[in-house]
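Subject: A structure to look through

Dear colleague,

I am passing on a structure for you to look at, and below it you will find some notes on what turned up. Please open it beside this message and follow along at your own pace.

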Amino acid sequence: MNTKNFFTLEAINCVLFGIILFFFPDFIGQEYLTNPDLINEASKIVAKGYGSLLLAMAIAFWLSRKSGPSIARHAMVVLATFSNIFLIIIHSMAILGGVETAIAWGTVVMSLILAIWGLTLIPKEKDITV
């Protein structure tokens, strides 16, 4: 459970969801939303914007895999950890609020695994001063 493997899984996760959100926002809306009528042109733009951010993050995680201890690597671990914590909160609220379907629990579980993994890595970044 090292940083390289963490960044690799983050990159794969970001590429997967980034491609789906950027190229197929209708599909993800149909799968995740309890009311697919909420999909409109504005929500598609938001989904594509988030998808492009995920694709950029995937590149950053992939390029960070072989980095040594540094403030930048520490920042990437913190970024990944807290973005997953926020995703857990957002998707749990959406599922419990009846906005998202039960399939979104898969996102919550993946984010929980990555958040816990990230929380275990943050203290290991001890060779740097932040």
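**What surrounds helix 1**

The buried residues of helix 1 are covered by parts of the chain that include helix 2 (25-32), helix 3 (41-64), helix 4 (71-96) and helix 5 (104-121). Please keep in mind, as you read on, that this is a predicted model.

**The chain as a whole**

The protein chain has 5 helices and 0 strands, and from the N terminus on its elements run α-α-α-α-α. Along its principal axes, the C-alpha trace spans about 50 × 25 × 20 Å. Of the 130 residues in the protein chain, 38% count as buried. If you take the contacts between residues at least 6 apart in sequence, 76% of them join residues at least 24 apart.

**Helix 1 in detail**

Does the length of helix 1 come out as expected, or what should its 21 residues span? At 1.5 Å a residue, the 21 residues of helix 1 (residues 3-23) should span 30 Å, and the end C-alpha atoms are 30 Å apart, which agrees. At the N-terminal end of this helix, N2 acts as a cap, with a side-chain oxygen 3.3 Å from the backbone nitrogen of K4. The buried residues of helix 1 are T3, F6, F7, T8, E10, A11, N13, C14, G18, I20 and L21.

One of these, E10, deserves a careful look, for it belongs to helix 1 and is buried, yet has no salt bridge. The nearest side chain of opposite charge is that of R65, which is 13 Å away. Leaving aside its neighbours within four places in sequence, E10 is in contact with F61, A80, N84 and L114.

**The nonpolar core**

In soluble globular proteins, nonpolar side chains tend to be buried together. Here the largest nonpolar core has 24 residues, among which F6, F7, C14 and F61 touch the most other members. The elements that give two or more residues to this core are helix 1, helix 2, helix 3, helix 4 and helix 5. With its neighbours within four places in sequence set aside, F61 is in contact with F7, E10, A11, C14, M76, L79 and A80.

**The salt bridges**

Side chains of opposite charge can pair when their charged atoms come close. How many salt bridges are there in this model? The count comes to 2, and D26, E41 and K44 are linked by them in a network.

In one salt bridge D26 pairs with K44, the closest N and O atoms being 3.3 Å apart. This pair links distant parts of the chain, since D26 lies in helix 2 and K44 in helix 3, 18 residues apart. K44 also forms a salt bridge with E41, where the closest N and O atoms are again 3.3 Å apart. K44 and E41 are 3 residues apart in helix 3, so about one helical turn separates them.

Are the three residues of this network buried or exposed? K44 is buried, because its relative accessible area is 19% and the cut-off for buried is under 20%. D26, at 37% relative accessibility, counts as partly exposed, whereas E41, at 56%, counts as exposed.

With best wishes

Methods
Residues numbered from 1 in each chain as written. Predicted model: local features only at pLDDT ≥ 70, side-chain atom pairs only at ≥ 80, totals over all residues. Heavy atoms only, no water. Helix = DSSP H or I, 4+ residues; strand = E, 2+ residues; numbered from the N terminus. Expected span 1.5 Å × (residues − 1). Buried < 20%, exposed > 50% of the residue type's maximum accessible area, 1.4 Å probe, protein only. Contact = heavy atoms within 4.5 Å. Polar contact = N/O pair within 3.5 Å; in protein donor to acceptor, adjacent residues only side chain to side chain. Lys, Arg positive; Asp, Glu negative; His and termini not counted. Salt bridge = Lys/Arg side-chain N within 4 Å of Asp/Glu carboxyl O. Core = buried A, V, L, I, M, F, W, Y, C linked by side-chain atoms within 4.5 Å.
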